[in-house]
Amino acid sequence: FRKVTQFTRIAPSQGNVRFLSGSGSLTLASLGLKSEVKTVSANEKNKLQQGISTIEVPKSREKKRVSGNKQGLIKEKNPVDIMTAPFAAKSFSELGLPPLLVERLEKEGFTIPTDVQAAAVPTVLKNHDVVIQSYTGSGKTLAYLLPILSRVGPLKEELSDGYETGNKIDIEAVIVAPSRELGMQIVREVEKLLGPANKKLVQQLVGGANRSRQEDALRKNKPAIVVGTPGRIAEISAAGKLPTHGCRFLVLDEIDQLLAFTFREDMKRILDHVGRRPGARGGESNRPPVKRAARQTIMVSATVPFSVIRAARSWGCDPLLIQANKVVPIGSVTPSGSVNIPGTPSTTDSSSNVQPMPDVQSLPPNLQHYYTITRIQHKVDTLRRCVHALDAKCVIAFMNHTKQLKDAVFKLEARGMNAAELHGDLSKLVRSTILKKFRNGEIRVLLTNELSARGLDLPECDLVVNLGLPTDSVHYAHRAGRTGRLGRKGTVVTICEESEVFVVKKLQKQLSLSIQACEFSEGNLVIIED
Ligand SMILES: Nc1ncnc2c1ncn2[C@@H]1O[C@H](COP(=O)(O)OP(=O)(O)OP(=O)(O)O)[C@@H](O)[C@H]1O
């Protein structure tokens with residue numbers, strides 16, 4: 001049977017909010033939000049699907065406590081506080097952010113926190129080491145930037161408890177990202193919030209750019225926040241030109257990728273030197289909460305395999321796993337992704353599970369997934385017909401080999417479709433020019449490789465196409481996540497050969513998705529029903 005598709009939105013079952021606590025002695029309300037579950041109405045459920053929450057929180061909240069010694073090197077860790085209610089707030093000020101920061105957010109058009117922001121901000125403000133996991137495009141960047149800017153820079157809260165930031169020449173926050181593009185994107189986000197007058201408080205340290213210029217800027221501007229790629233940060237740190245011993249925040253964005261073997265040496269250097277004095281160590285998950293080195297470690301990704309949980313346990317101090325509607329101690333997460341709740345019998349009941357780590361919660365709810373079968377030599381032409389059929393304006397197409405990109409661009413351009421290639425062999429300047437053109441709509445199809453799969457925020461992207469199959473479900477999730485950002489609609493089409501269909505079926509199963517077979521015929525997307 002064949003029928004012309006009607007694009008309908010798949011309604012995700014998101015309103016069902018659970019919360020799990022990991023210890024009998026935990027208190028619920030001390031993160032400053034309410035501790036009861038509110039039933040989510042249909043209207044609210046719709047908004048939740050948009051990534052925006054409207055669930056009420058009480059006006060009163062516990063005052064934040066941060067204490068420290070004169071150098072600001074030791075922070076007292078609050079007892080682990082776990083809430084049993086959805087983390088949701090109507091406004092940023094309800095999350096305990098300082099008024100100046102809330103004002104800046106409003107100026108930039110950010111008025112309502114997303115679920116993950118509502119969950120993460122109060123928790124990070126309480127000094128917890130955290131792993132933040134939420135689907136692509138759900139606003140994880142602000143989820144960690146806001147608590148940092150509440151403590152660092154001109155928008156920070158005036159604390160009356162005598163907390164001092166210590167050695168003023170020390171950098172106060174280091175943010176590590178696996179690619180230059182993502183690093184630059186984070187820098188732009190920080191600059192936007194700091195405002196034009198304070199742009200110099202953030203400094204990019206990405207590879208591919210002139211290192212001595214970066215070192216000069218560090219010396220001259222004494223930034224409070226640096227954002228960079230592991231190699232460049234480690235390089236400048238090893239040269240003794242990055243004063244980070246007194247650093248208070250270490251953010252590892254796309255943490256599962258930062259754990260890759262290629263980054264091992266650089267990450268070791270960063271973890272050993274950022275916010276660490278000789279002799280200071282992070283704690284194990286079952287350590288009693290005691291005074292510790294100042295660095296707060298924040299790890300972030302849409303996909304959190306168990307290797308991240310293990311890393312968080314060894315690098316952090318009693319870390320918590322934050323997901324959109326729940327917070328659990330990392331110590332209670334098992335390799336299968338389930339959560340052990342002390343005092344309860346172990347069960348296979350799905351209600352006691354945190355969703356399997358890597359995949360299920362990593363995709364936005366409002367994506368349509370399709371696959372189509374074609375011969376390898378017709379893939380690019382199928383891509384062109386797919387773009388026309390869906391009338392897509394801003395398309396990212398992934399291929400697995402850099403060499404294929406140029407040829408595909410040539411074929412598309414020859415048929416009158418604006419296209420460009422983006423990959424790591426291009427210079428930094430060329431890459432940023434291409435991205436700028438893509439953002440402006442001058443390029444309709446961006447042909448790229450895995451470089452662009454992580455973290456890139458191109459909100460206008462309405463179609464992702466896999467011309468080469470992703471290696472696994474994690475890669476599929478990150479690629480797919482370039483569209484459908486923050487509640488927008490998006491379509492993902494995988495163009496494969498007959499012999500590759502089994503891989504699509506496997507991805508479908510692993511991700512608990514429906515990936516429908518389709519064809520592009522006479523300018524239409526035609527769904528083929530199994
Ligand atoms: N509270 C908010 N209100 C409106 N827009 C927001 C809000 N928070 C974030 N955004 C916007 O949503 C988009 C996606 O945010 P962000 O890039 O942080 O997502 P992410 O979860 O980190 O995605 P990925 O996993 O792909 O890295 C950005 O354009 C960002 O500016």
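Where is the place of Ser134? In this predicted model, look in the loop between strand S3 (130–133) and helix H4 (140–149).

**View 1. Ser134, tucked away in a loop.** Let's start with the residue from the opening question. Ser134 follows strand S3 (130–133) and comes before helix H4 (140–149), in the loop that joins the two. Its relative accessible area is 4%, so Ser134 counts as buried. The side chain of Ser134 reaches the side chain of Ser138 in a polar contact of 2.6 Å. Setting aside neighbours within four places in sequence, Ser134 also touches Val116, Lys140, Ser301, Ala302 and Gln361.

**View 2. Ser138, a partner in the loop.** Now shift along to Ser138, which is in the loop between S3 and H4. Is Ser138 buried or exposed? With a relative accessible area of 5%, Ser138 is buried. A polar atom of the Ser138 side chain lies 2.5 Å from the backbone oxygen of Tyr135, and the Ser138 side chain has a polar contact with the side chain of Ser134 as well. Again leaving out neighbours within four places in sequence, the contacts of Ser138 are Thr114, Val116 and Leu486. Val116 is on the contact list of Ser134 and on that of Ser138.

**View 3. The stretch labelled as the Q motif.** Here we step back to residues 90–118, which an unreviewed UniProt entry marks as the "short sequence motif: Q motif". How much of residues 90–118 is helix, and how much is strand? In the model, the chain here is 45% helix and 0% strand. The C-alpha atoms at the two ends of residues 90–118 are 9 Å apart.

**View 4. The sheet that S3 belongs to.** Zoom out a little and you'll find 8 strands making an open sheet with mixed pairing. Reading across, the order is S5-S6-S4-S7-S9-S3-S10-S11. At the edges are strand S5 (202–205) and strand S11 (326–329), each with pairing on one side only. From one strand to the next, the twist averages 15°. Zoom back in on S3 and strand S9 (residues 296–301), and you have a parallel pair with 4 bridges. Across that pair, Gln133 stands opposite Ser301 in S9. Ser301 is also one of the contacts of Ser134.

**View 5. A helix lying over the strands.** Helix H9 (residues 264–273) lies across S4 and strand S7 (249–253). What angle does H9 make with S7? The helix runs at about 155° to S7.

**View 6. Ile171 and its crowd of neighbours.** Ile171 is in the loop between H4 and strand S4 (173–176). It is buried, because its relative accessibility is 2%. Once neighbours within four places in sequence are put aside, the contacts of Ile171 include Leu218, Pro223, Ala224, Val226 and Leu242. Pro243, Thr244, Gly246 and Cys247 are among them too. Thr136 is 35 residues from Ile171 along the chain, and their C-alpha atoms are separated by 29 Å.

**View 7. Two cysteines that don't bond.** How many disulfides turn up in a search of the whole structure? The search finds 0. Take Cys247, one of the contacts of Ile171: why is there no bond to the closest cysteine sulfur? That sulfur belongs to Cys317 and is 16 Å from the sulfur of Cys247, which is too far for a bond. Both residues are hidden away: Cys247 is buried with a relative accessible area of 0%, and Cys317 counts as buried at 0% relative accessibility.

Notes
Residues are numbered from 1 along each chain as its sequence is written. This is a predicted model: local features need pLDDT of at least 70, side-chain atom pairs count only at pLDDT 80 or more; totals for chains, interfaces and linings use all residues. Side-chain values use heavy atoms; hydrogens and water are left out. Buried means under 20% relative accessible area, exposed over 50%, partly exposed in between (1.4 Å probe, protein chains only). A polar contact is a pair of N or O atoms within 3.5 Å; within protein, one must be able to donate a hydrogen and the other to accept it, and residues adjacent in sequence count only if both atoms are side-chain atoms. Contact means heavy atoms within 4.5 Å. UniProt positions are given in the numbering used here, feature names are shortened, and annotations may be inferred rather than shown by experiment. Two strands pair if DSSP finds at least two bridges between them. Axes are lines fitted to C-alpha atoms, for helices over the stretch in contact, and angles run from 0 to 180 degrees between N-to-C directions. A disulfide is a pair of cysteine sulfur atoms within 2.5 Å.
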